[in-house]
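This report is a short introduction for a reader who has not met the structure before. Please look over the sequence and the model below, then read on.

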Amino acid sequence: MERAEGGHVSVPDVDLIDGTAMPQLGFGVFQASDEEAERAVRTALEQGYRSVDTASAYGNEEGVGRALRASGVPREEVFVTTKLWNDEQGYDNALRACDASLSRLGLDYLDLYLIHWPMPSRGAYLDTWRALEDLKRDGRVRAIGVSNFTVETLSRIIEEADVVPAVNQIELHPYFQQDGLRAFHRDHGIRTEAWAPLGQGHGLLDDPALDRIGRSHGRTPAQVVLRWHLQIGNVVIPKSVTPSRIAENIDVFGFELSPDDMKAIGELDQGTRFGPDPAVFETA
Ligand code: NAD
């Protein structure tokens, strides 16, 4: 396992289209309470994670902020992502939402700010995006991106706005590989970030193919899946509140999947999502 000076695992960076560097593996905190997120983020930072993914909708930005402050890790060494929720869309709302997230996190800038869902039928995402462009210009946010955007909604931003989203954070795992959207991202310099990278506990990790590949490397199915993401170029943000799993999920830099392993995992695609469909999801 590659270890940095402090004895923890060191995660490599990838470059975003605007030149910002982002760790290729980070830590997700969806469905964790404030207290759980605080504890889990502290453990994650001790284990070497240097990227944390939260959202105003998760209700745990304060816990994440407390963990960051308590960790003693310098602010500039941690990449912090948050997202604005559906009822925070629109130009003025988005500016206010960013201030509110920064204040809950106790930070004076974000590393990455995302629009959580496009909600295409409401048609507010372009105005929202213009606010994110201004936040980036003002230095409140280092990089801006989107989440759950489709080819259609991304195309509209690319055609009509000034800044191309640095990241699109989407549901992506071996059962839902999103080859078409990944190819679109590649063509436009947009980084693919995978949410539910481990399949969110829906049985993916029990797949016999992953078990077989894991055994051949002395690794767990979760490690095989995370390694697959890294080798196809995704950014990943696995979530766990269990310390042993937090450690397991970052220990994925000391082995490599073979072309045959990659092919076998490629064949697991079922083309069906576990989460909501971004073309219609509108919950406020
Ligand atoms: P995930 O695929 O990371 O799965 C997490 C679950 O997998 C855990 O709760 C645990 O039950 C299990 N798990 C974790 N490590 C394991 C291991 N080593 N062995 C066995 N089981 C293990 O799903 P997720 O949390 O939904 O996604 C990751 C992150 O992506 C979230 O925490 C959040 O930050 C982000 N996310 C974003 C959106 C979005 O709309 N943008 C939606 C969902 C999640």
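Helices and strands are named here as DSSP runs, numbered from the N terminus, with at least four residues for a helix and at least two for a strand. The model is a predicted one.

**Helix H4 and its surroundings**

Just after H4, Gly-139 adopts a positive phi of about 80°. Helix H4 itself covers residues 125-137; at 1.5 Å a residue, its 13 residues should span 18 Å, and the end C-alpha atoms are 18 Å apart, which agrees. Its buried residues are Tyr-125, Leu-126, Thr-128, Trp-129, Ala-131, Leu-132, Glu-133 and Leu-135. Around them, the packing partners are strand S5 (79-84), helix H3 (91-105), strand S6 (110-115), strand S7 (141-147) and helix H5 (151-160).

**The nonpolar cores**

In soluble globular proteins, nonpolar side chains tend to be buried together. The largest nonpolar core in this model has 73 residues, and within that core Tyr-113 and Leu-132 touch the most other members. Apart from neighbours within four places in sequence, Leu-132 is in contact with Leu-84, Ala-94, Tyr-113, Leu-114, Ile-115, Ile-144 and Gly-145. There is also a second, separate core of 10 residues, with Val-14, Met-22, Ala-166 and Val-235 among them.

**The annotated position**

The unreviewed UniProt entry places the feature "active site" at Tyr-58. Tyr-58 sits in the loop between strand S4 (51-53) and helix H2 (61-71). Is Tyr-58 buried or exposed? With a relative accessible area of 17%, Tyr-58 is buried, because buried means under 20%. If neighbours within four places in sequence are set aside, the contacts of Tyr-58 are Val-29, Phe-30, Ala-32, Asp-53, Lys-83 and His-116.

**Two glutamines with positive phi**

Most residues other than glycine have a negative phi. Gln-178 departs from this with a positive value, and Gln-200 also has a positive phi although it is not a glycine. The table lists both.

| Residue | Phi | Loop location | Relative accessible area |
|---|---|---|---|
| Gln-178 | near 55° | between strand S8 (167-171) and helix H6 (179-188) | 14% |
| Gln-200 | about 55° | between strand S9 (191-195) and helix H7 (208-217) | 34% |

At 14%, Gln-178 counts as buried, whereas Gln-200, at 34%, counts as partly exposed.

Definitions and conventions. Residues are numbered from 1 along each chain as its sequence is written. This is a predicted model: local features need pLDDT of at least 70, side-chain atom pairs count only at pLDDT 80 or more; totals for chains, interfaces and linings use all residues. Side-chain values use heavy atoms; hydrogens and water are left out. UniProt positions are given in the numbering used here, feature names are shortened, and annotations may be inferred rather than shown by experiment. Buried means under 20% relative accessible area, exposed over 50%, partly exposed in between (1.4 Å probe, protein chains only). Contact means heavy atoms within 4.5 Å. The expected span of a helix is 1.5 Å times one less than its number of residues. A nonpolar core is a set of buried Ala, Val, Leu, Ile, Met, Phe, Trp, Tyr and Cys residues joined through side-chain atoms within 4.5 Å.
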